[in-house]
Amino acid sequence: MNRLKLLLSICAVVFLFSQISVAQNQVERVLLNKVERITNDEFRFDTETSKGVRVYSVKKPSSKMLKAIDDGLTQLFTIARKHKYSKRLNYSDYTIFIAKADRTKDSTKQYSPDIAVSAAQYAGSIYDQGGYIYAAGMVVAFNPCAFIIAEHTKDFQRVSNVVSYEGEHIVLYHNDRQLYNKTADHSKGGGHPILQ
Ligand SMILES: [Zn+2]
């Protein structure tokens, strides 16, 4: 648990959208372009999990990846309901991008597929790798609810955890803005899970 918490203690939140008023498919296209620019990846595959999460990916996603995504959101929604949250607790509210992993092992040689993202608020911190950081996941939009994770070929429990942890930021944004503000930036301390 400690190791897991440490591994996932950083992730990045980027504001691309706060208010969206254009047609849904146009939103998806704009979002896709932004994510392609952030990751330098091309998301050729567009699919849906069995519970209805929209998934864009670089490679054809494995059934284990898709199931891990559903499981992660199930985990999140269960905890969120315990806190009496009600907004954005539908699988179809979420769009998840599966990017190419920019590394598959962390500095301690543990399997840890992560994406490299611009350091932004982590610049100069211990996470800073020289202008970028490795993140397990990254929130890219709140309307629609969207985030990026890295492709895994094993340890699918980690995928579920990353999904539920990135989703935490989004659920908090819509249900408890104060707690969201306090926990969005991990460079000031604190990691996941935020909700117990
Ligand atoms: Zn986070």
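Me: What share of the accessible surface of the protein chain belongs to carbon and sulfur atoms?

Reply: In this predicted model, the accessible surface of the protein chain comes to about 9,800 Å², and 48% of that area belongs to carbon and sulfur atoms.

Me: What makes a residue count as buried here, and how much of the protein chain is buried?

Reply: A residue counts as buried when its relative accessible area is under 20%, and residues that meet this cut-off make up 51% of the 196 residues in the protein chain.

Me: Which elements make up the secondary structure of the protein chain, and in what order do they run?

Reply: The secondary structure comes to 5 helices and 9 strands, and from the N terminus on the elements run α-β-α-β-β-α-β-β-β-β-β-β-α-α.

Me: Why are helix 3 and helix 4 called oblique to each other?

Reply: The axes of helix 3 (residues 63-82) and helix 4 (residues 156-175) come within 7 Å and cross at roughly 45°. Angles under 35 degrees count as roughly parallel and those from 65 to 115 as roughly perpendicular, with 45° belonging to neither range, and therefore the two helices are oblique to each other. The crossing of helix 3 and helix 4 is right-handed.

Me: How do you know that helix 3 meets helix 4, and what kinds of residues take part in the contact?

Reply: Contact requires heavy atoms within 4.5 Å, and the residues in contact include Met-65, Ile-69 and Leu-76 in helix 3 as well as Phe-156, Val-163 and Val-171 in helix 4. The residues of this contact divide into 10 nonpolar, 7 polar and 3 charged.

Methods:
Residues numbered from 1 in each chain as written. Predicted model: local features only at pLDDT ≥ 70, side-chain atom pairs only at ≥ 80, totals over all residues. Heavy atoms only, no water. Axes fitted to C-alpha atoms, helices over the stretch in contact; angles between N-to-C directions. Helix = DSSP H or I, 4+ residues; strand = E, 2+ residues; numbered from the N terminus. Parallel < 35°, antiparallel > 145°, perpendicular 65-115°, else oblique. Left-handed = near helix turned anticlockwise from the far one by under 90°. Nonpolar A, V, L, I, M, F, W, Y, C, P; charged D, E, K, R; others polar. Buried < 20%, exposed > 50% of the residue type's maximum accessible area, 1.4 Å probe, protein only. Areas by Shrake-Rupley, 256 points an atom, 1.4 Å probe, with all protein chains shown as cover.
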